[in-house]
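Have the model open in your viewer and the sequence panel beside it. We will go from one selection to the next, with a short note at each stop.

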Amino acid sequence: MAHASAALPERLAALFPTPVALFEAEPDVVLQRAPGGLSVQIITAGQITPKVLARRYGVTTGAVRTLKSASDWRLSEIRLPGRAAVRAPARPSSVHSYAARPGDTLSAVATRHGLSMVDLLGVNLDRQSLDTLRAGETLNIPTRERGLLVRIKPGQSALSLIAGYGADLVATAHANDVLPTELQVGDELLLPGVRAEGFRLQLLAAREAERQAQLAYEKQQRYEAYLTWKKDRDRQRLQEKYARQQKYEAYLAWKDSPERRRQQAAYERQAQYEAAQAAARQRAATAAVRPQANLPATVQTASTGRVGGLAWPLRSFTLTSRFGERDIAFHREVFHGGIDLAAPFGTPIYAASGGTVSASGYGAFGLNVLTVSGNSTVIYGHMSRTAVVAGQTVQPGQLLGYIGCTGICTGPHLHFEVRLGGQAIDPFAMLP
C-alpha cells in the first residue's frame with residue numbers, strides 16, 4: 001500500500017492520509033468548565049420561550065437572552081453558572097446551641113429557657129425520646145421567634161417548605177434574617193408560628209410503647225423466675241420423696257434384721273428381770289408395812305439406798321400405759337420404762353419426791369424435768385411448760401410443770417419414770 005500511495009499524483013496524495021496514519025490514536029480531548037462560567041447560543045423553534053429554556057438548563061430566566069428571532073425561529077444566549085463557592089449551611093441567628101449538663105432533662109432545659117416542651121421540640125426534630133438526654137448532647141434553643149426548625153433537603157426549597165407548612169412569608173424572612181429565595185439545600189429554615197404538637201404526640205406514643213414493652217419484659221422475667229422456682233420446688237419435692245422412700249426401705253430392712261430381733265430379745269429379758277425385781281420389792285414393802293399399819297405408808301426399795309415413798313405427781317389422771325407395756329408402736333420398738341398418766345393440757349405436775357433438779361428442758365422425753373436424790377432419778381416427760389430450773393432443790397408436792405405432748409407423743413400425758421442406779425423400775429412398787 002505504501003508503494004501504491006507513492007504512485008498517486010502529488011495533488012491527490014495530499015488529500016489521502018498515509019496507511020500508517022490510519023492506525024495511530026488521535027490525541028485525547030479534555031473538556032473543563034470555565035471558572036467564571038460560560039454562555040451557550042442555541043437556535044430553537046419560535047414557540048420555545050426563555051422560561052422554557054431556563055427550566056431546561058436549570059438557570060433563572062434572567063440568564064436567558066434572545067439575540068435574534070423570527071416568526072418560526074429564535075436565537076438565544078444562555079449564561080451557565082460557574083462553579084459555586086462552597087459555604088457553610090445557613091442557620092437562623094436567633095437559634096443558639098446548648099450543651100446538656102449532667103442531670104439535665106428536656107423538661108428542665110425548657111423551663112430554664114422559658115420554653116414549653118412543644119417550643120423546644122420544634123427546633124429539635126431529631127429527638128428520638130422525651131426522656132433520654134446525655135451530658136454533652138447539643139440542643140437548639142430559640143431566643144426570639146418560636147416555630148419549626150427544618151433543614152432544606154434535595155428537591156425542596158425554602159418557598160416550598162413555607163407553602164407546605166402554611167407559614168407566613170414575611171414573618172419567615174424576618175425570623176431567618178434572609179430572603180427565603182437565597183437559601184439552598186442544606187440550609188436551616190425557621191418557620192415561625194408552626195408548632196410541633198404532632199411530633200410531641202409521636203414521642204409520647206413512643207414513650208408509652210416503651211413503657212408497655214418494659215412492663216411486658218418485667219412480666220416475662222417474673223414468669224420465667226416463677227417457672228424456675230416451680231421447677232426447683234418440684235425437683236426438691238422429688239428428692240424428698242426419694243429420701244423418704246430410702247428411709248422407709250432402710251426401716252423395713254432394719255425391722256426384719258437379726259440385730260433388731262436381738263434387741264427385742266434383750267428388751268424382753270430386761271423387762272422380765274425388772275418385773276421380777278419389782279415384785280420382790282413389792283413383797284418386801286408389803287412385809288415391812290404390815291407391823292406398822294397405823295403409820296404413814298412408805299416403800300422400802302431393794303436397792304442399797306433408801307428411797308422414801310413416792311406421791312402421785314397428778315391430782316387427777318387416767319393410766320394409759322403401764323411399765324414395760326407394748327401397747328403402742330413406739331413401745332413395741334423401745335422398751336417402756338415408766339407409766340403414762342393422761343390428763344388435759346396444762347394440768348399441773350407436782351414432785352413425787354424431794355430432790356435436786358438435774359435437767360429442765362428438752363431431752364429424751366420432749367420437754368422434761370429430771371430430779372435426783374441419792375442413787376434414784378425421777379423423770380417427768382412430755383411437759384408443755386416447766387416451772388423449775390436445773391440445780392433447784394424441790395420438795396414433795398412442789399409444782400414442776402404442766403401436762404403437754406412434746407417429743408414422741410400420742411396425746412397429752414405425763415411419762416413418769418423412776419430409775420435406781422440407772423435402771424428403770426416399775427413406779428407402782430413405790431406409789432401409794
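The tour starts with paired strands and then moves to salt bridges.

Before you click, note that this is a predicted model, in which local features need pLDDT of at least 70 and side-chain atom pairs count only at pLDDT 80 or more, while totals for chains, interfaces and linings use all residues. Residues are numbered from 1 along each chain as its sequence is written, and side-chain values use heavy atoms, with hydrogens and water left out.

**Stop 1: the strands**

Select residues 38–45 and 73–80: these are strands S1 and S3, which pair in the antiparallel sense over eight bridges. Strands here are DSSP runs of E with at least two residues, helices are runs of H or I with at least four, and both are numbered from the N terminus. Two strands pair if DSSP finds at least two bridges between them. To see one bridge, pick Leu 38, whose partner in S3 is Leu 80.

Now add residues 64–69, strand S2, which runs antiparallel to S3 and is joined to it by five bridges. Three residues lie between S2 and S3 in this hairpin. Show Arg 65 next, and look across to its bridge partner in S3, Glu 77.

**Stop 2: the salt bridges**

How many salt bridges does a search of the whole structure find? There are 15, each being a side-chain nitrogen of Lys or Arg within 4 Å of a carboxyl oxygen of Asp or Glu.

Begin with Arg 112 and Asp 104, whose side chains meet at 3.0 Å, N to O. Asp 104 is buried, at 9% relative accessible area, whereas Arg 112 is partly exposed at 41%. Buried means under 20% relative accessible area, exposed over 50%, and partly exposed in between (1.4 Å probe, protein chains only).

Move to Asp 177 and Arg 144, a salt bridge with its closest N and O atoms 3.7 Å apart. The two residues are 33 apart in the chain: Asp 177 sits in the loop between helix H7 (169–176) and strand S7 (188–192), and Arg 144 in the loop between strands S5 (138–142) and S6 (147–151). Asp 177 is exposed at 51%; Arg 144, at 40%, is partly exposed.

**Stop 3: a small network**

Finally, select Glu 188 and Arg 151, a salt bridge of 2.9 Å between the closest N and O atoms. This pair links strand S7 to strand S6 across 37 residues. Glu 188 is buried at 11%, while Arg 151 is partly exposed at 43%. Add Arg 91 to the selection: salt bridges with shared partners join Arg 91, Arg 151 and Glu 188 into one network.
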